[in-house]
Structure formats: C-alpha cells, structure tokens
Amino acid sequence: MLAVIGILLAACSPRVRSVDASSDVVFVPLSEEPKDKRNADRVVIGMSRQQVDAIMGPSVKTCWMYPAGNVRQKVCFSDDKVTSVARTEHVPGTDRALIDATFATDTSISHSVPPDIVAVGASSQHVRRLWGAPPVTEEQYALGGEYWATFENGRVTGFKRIAVPPAFATRAGSGNARP
C-alpha cells in the first residue's frame, strides 16, 4: 500500500528523482526548499537592494558613482570609510580616459579628513553632505566568488560575476633556462 502511494506521489510530483536510473524506486522529498537561500542565480534585474542582500548577504564593498558629462567620480567604502576616490574623464573622440585616483593604505585611514573635501577615511555621511545622494551605486558581494551589482534608483540594473584568475605558482629551480 505504501509503495503504491509513493509511486502515485512520484507520478504527480515534478520534483521526483530516481535513486537509480535502472530502478523503479524513486525518492519523493517532503520538502525541497533549499536550506541556504544564498544563490546568485536568483538575482534578477529589477530587484531592490534589500532583496539582493537577502539572497547574497551583506555587501563587502560599496562604490558610489557621480556621473557628469564625460567625467565620473567614484567613491568606494568599506566599513563606512572611504577607501578610494577616483575621477575618470573620457577624452572625447577617443577611446582614452584620464584617471586620477587615491587609494587607502593602512595608515591613511587614521588621518583626519578636511571638512570641505572627499578623501580617504571620510564617512559616507560626509560624502553625502558634500556631493549628495549617489545616482548609481555598485555593491560587491562575496558568495563563492566575487559578484558586483549595479543599482540605479534603488533597483538592480546590472549583475555580474567577476572571474578571478587561477593562482599562479612557481617552483624554485623550475625555470626553462638552458645552459
């Protein structure tokens, strides 16, 4: 009787998996909800940041973009402190850009920030006070790899996985030099 019920349930369930391809025995799970809902494949264009955070966990880095014509200011934060400030200016009529950037070192975060500039070590409140709310943000997530989500008006407009090259290792004395 139980075998018949199991077979009937299996026939009606789209989540049935055979235990063995050559067997008539099937496994019918009572619940197939994933225990870990953190799956990057679930992120789709149009989601809110809260929805993406629920799937991916909290971001490890945030960057704010302030585009203005052919110039873009980019400010990146970790732990609510500015870690880099970059200004990129596209040279019209070419595929070139001029980049001016400042990055944090271990000692630069501890320096005080002048009240009238955006610099390494400043808080997000300081940047927002000087430059306003960012029209575009990028969030970096670490979930079995590195992912970047771009948000405009609070919604995902881009989501990509950044390929990380394999580790490069050398062995002492393994050069190809010939005598």
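This report describes strand pairing, the disulfide and the salt bridges in a predicted model.

**Strand pairing**

Strand β4 spans residues 71–78 and strand β5 spans residues 81–90; the two run antiparallel and are joined by 8 bridges. Within this pairing, lysine 74 stands opposite alanine 86 of β5. The hairpin formed by β4 and β5 has 2 residues between the strands, and aspartate 79 takes a positive phi near 50° there.

Strand β5 also pairs with strand β6, which covers residues 97–103; this pairing is antiparallel and comprises 7 bridges. Here valine 85 has threonine 102 of β6 as its bridge partner. In the hairpin of β5 and β6, 6 residues lie between the strands, and glycine 93 in the turn has a positive phi of about 80°.

**The disulfide**

The structure contains 1 disulfide. Its partners are cysteine 63 and cysteine 76, whose sulfur atoms are 2.1 Å apart. Cysteine 63 belongs to strand β3 (residues 61–68) and cysteine 76 to strand β4, so the disulfide ties together parts that are 13 residues apart in sequence. The torsion about the S-S bond of this pair is about 105°, and the disulfide is therefore right-handed. Both cysteine 63 and cysteine 76 are buried.

**Salt bridges**

How many salt bridges does the structure hold? There are 4 salt bridges. The table sets out three pairs, including the distance between nitrogen and oxygen for each.

| Pair | N to O distance |
|---|---|
| Arginine 49 and aspartate 53 | 3.5 Å |
| Glutamate 138 and lysine 74 | 3.5 Å |
| Arginine 87 and glutamate 89 | 3.2 Å |

The pair of arginine 49 and aspartate 53 lies within helix α2 (residues 49–56), where the two residues are 4 residues apart, about one turn of the helix. Arginine 49 has a relative accessible area of 31% and is partly exposed. Aspartate 53, with a relative accessible area of 25%, is also partly exposed.

The side chains of glutamate 138 and lysine 74 meet in a salt bridge. Glutamate 138 is in strand β7 (residues 136–142) and lysine 74 is in strand β4, so this pair ties together parts that are 64 residues apart in sequence. Why does glutamate 138 count as buried? Its relative accessibility is 17%, and buried means under 20% relative accessible area. Lysine 74, in contrast, has a relative accessible area of 21% and is partly exposed. Lysine 74 thus takes part in this salt bridge and also stands opposite alanine 86 in the pairing with β5.

Arginine 87 and glutamate 89 meet through their side chains in a further salt bridge. Arginine 87 counts as partly exposed at 34% relative accessibility, and glutamate 89 counts as partly exposed at 25%. Elsewhere, salt bridges that share partners join Arg49, Asp53 and Glu139 into one network.

**Strand β4 in summary**

Strand β4 brings several of these features together. Strand β4 pairs with β5 through 8 bridges, holds cysteine 76, the disulfide partner of cysteine 63 in β3, and contains lysine 74, whose salt-bridge partner glutamate 138 lies in β7.

Technical notes. Residues are numbered from 1 along each chain as its sequence is written. This is a predicted model: local features need pLDDT of at least 70, side-chain atom pairs count only at pLDDT 80 or more; totals for chains, interfaces and linings use all residues. Side-chain values use heavy atoms; hydrogens and water are left out. Two strands pair if DSSP finds at least two bridges between them. A disulfide is a pair of cysteine sulfur atoms within 2.5 Å. Buried means under 20% relative accessible area, exposed over 50%, partly exposed in between (1.4 Å probe, protein chains only).
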